[in-house]
Amino acid sequence: MRPSRRLRFLTFVMRWAIKPKLRRTGTPEAANRSFERAAPFLFSVPTGLKAMTDGPSLRITVGEPAPARAILYLHGGAFLTGSQRSYRAMAGRLAMRSQLAVFLADYPVLQDAPFPAAPNAVLAAWDHLIATGWEAHQIVIAGDSAGGNLVFGLLSTLLQRGETPAGVLAFSPWTDLTLSGDTLTTNDAVEPLIPVTRMQEAVDLYMNGADPAHPLASPLFAAFPNPPPVLIQVGEDEVLLSDAKGIAEVTGGEIDVWPHCPHVWQMFDGRLPEANAAMRKAAAFVQSSLDKASR
């Protein structure tokens, strides 16, 4: 499939402007400031987005959401960027596409608190939903990149507690912090965004001396007894392609590989044809998973 003009332009800008900047960024704090400043200009906020605090999460809706169905969303950012503020638009696009309430969880970035603070925080966000009346089969858990890492860590914990979400949706998940995936090497030259040379640094800062093979850090090595439906979308040229394929294999999930698409291109829903198509497919999967879980 030939990429759209907008996608060709986006990957050009990523490869020749953003990726070199990420290679040079000095500190996690600087990276976070840069992303937080850029996010409002990059992403399309759907008309009618409403956000209200609900425990540790931000409840985001567009229009009237379907009752007794929700998404718990865990944002990405290499564990060092991203927030409820910068991800409102992404969560809003998913809320609009799925016509569901999206609970955008909060968790500390590594410069505020390293591992296992983030996995503990997202588990607390899930537990808050359950404590306030939601049932496991009414919730799909979703996330991108580092948030995809947290999604699968959360899934493993929940399944071993006997709680089964309706489904799991992951965009370009980073699931192996041991950095053993083969596409970190084979796709390095064609990856439009992620500088592989900085990944070990992020892992070391996040883990703060803990073992990166821990199942909550690298869910590729976690247990997933009787998992629900799983959909993983990833770009064919991504260095995280092997992470996505690996977690699809251990969870029995569906791997949906998109040619020419960069890391978490779904963020550009509303502005990029390939993002629109991916988000439509993701929303259909969410509804299908909830339909199956409610029977």
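Where is the place of Ala68? In this predicted model, Ala68 sits in the loop between β2 (57-62) and β3 (70-74), and its phi is near 60°, a positive value in a residue other than glycine. The briefing below takes up backbone features of this kind, then two helices and what their buried residues pack against, then the salt bridges, and finally the largest pocket.

**Backbone features in loops**

- Ala68, whose phi is near 60°, counts as partly exposed, because its relative accessibility is 43% and the partly exposed class runs between 20% and 50%.
- Asn226 likewise has a positive phi in a residue other than glycine, near 55°, and its place is in the loop between α7 (199-207) and β7 (230-235).
- With a relative accessibility of 69%, Asn226 counts as exposed, since the cut-off for that class is over 50%.
- Phe115 and Pro116 are joined by a cis peptide bond, with omega at about 10°, and Pro116 belongs to the loop between β4 (101-105) and α4.
- Gly133, just after α4, takes a positive phi of about 115°.

**Helix α2**

- Helix α2 covers residues 28-42, and its 15 residues should span 21 Å at 1.5 Å a residue; the C-alpha atoms at its ends are 20 Å apart, which agrees with that expectation.
- The buried residues of α2 are Pro28, Ala31, Asn32, Ser34, Phe35, Glu36 and Ala39, a list in which Asn32, Ser34 and Glu36 stand beside residues such as Ala31 and Phe35.
- An α-helix has 3.6 residues a turn, so residues three or four places apart point the same way.
- The partners against which the buried residues of α2 pack are α1 (5-24) and α7 (199-207).

**Helix α4**

- Helix α4 also has 15 residues, namely residues 117-131, and from its first C-alpha to its last it reaches 21 Å, close to the 21 Å expected at 1.5 Å a residue.
- The residues of α4 that are buried are Ala118, Pro119, Ala121, Val122, Leu123, Ala125, Trp126 and Leu129.
- These buried residues of α4 pack against the strands β2, β3, β4 and β5 (139-144), and also against the helices α5 and α7.

**Salt bridges**

- The structure holds eight salt bridges, and those described here include pairs that link α4 to a loop and α9 to a strand.
- Arg161 and Asp127 meet through their side chains in a salt bridge of 2.7 Å, N to O, and the pair links distant parts of the chain, with Arg161 in the loop between α5 (146-160) and β6 (167-171), Asp127 in helix α4, and their positions 34 residues apart.
- Both partners of that bridge are partly exposed, Arg161 with a relative accessible area of 39% and Asp127 with one of 29%.
- Arg161 forms a salt bridge with Glu163 as well, the closest N and O atoms being 2.8 Å apart, and Glu163 counts as buried because its relative accessibility of 19% is under the 20% cut-off.
- Lys281 forms a salt bridge with Asp256, in which the closest N and O atoms are 3.2 Å apart; Lys281 lies in helix α9 (residues 273-293) and Asp256 in strand β8 (residues 254-258), so the pair ties together parts that are 25 residues apart in sequence.
- Of this pair, Lys281 is partly exposed, with a relative accessible area of 36%, whereas Asp256 is buried, with a relative accessible area of 10%.
- Arg93, Arg97 and Asp269 are linked in a network of salt bridges.

**The largest pocket**

- The largest pocket has a volume of about 1200 Å³ and a lining of 43 residues, of which Ile18, Leu22, Phe35, Thr81 and Leu193 lie nearest its centre.
- The elements that give two or more residues to this lining are α1, α2 and α7, and α1 gives the most, with eight residues.
- Phe35, which is one of the residues nearest the centre of the pocket, is also one of the buried residues of α2, whose buried residues pack against α1 and α7.
- By residue class, the lining divides into 28 nonpolar, nine polar and six charged residues.

Note on methods: Residues are numbered from 1 along each chain as its sequence is written. This is a predicted model: local features need pLDDT of at least 70, side-chain atom pairs count only at pLDDT 80 or more; totals for chains, interfaces and linings use all residues. Side-chain values use heavy atoms; hydrogens and water are left out. Helices (H or I, at least four residues) and strands (E, at least two) are DSSP runs, numbered from the N terminus. The expected span of a helix is 1.5 Å times one less than its number of residues. Buried means under 20% relative accessible area, exposed over 50%, partly exposed in between (1.4 Å probe, protein chains only). Contact means heavy atoms within 4.5 Å. A salt bridge is a side-chain nitrogen of Lys or Arg within 4 Å of a carboxyl oxygen of Asp or Glu. On a 1 Å grid over the protein atoms alone, a cavity is a set of points where a 1.4 Å probe fits but cannot get out, and a pocket is an open set with protein on both sides within 12 Å along at least five of seven lines; lining residues have an atom within 4 Å of a point. Grid points are joined across faces, edges and corners, and a volume is the space filled by probe spheres set on the points. Ala, Val, Leu, Ile, Met, Phe, Trp, Tyr, Cys and Pro count as nonpolar, Asp, Glu, Lys and Arg as charged, and the others, Gly among them, as polar.
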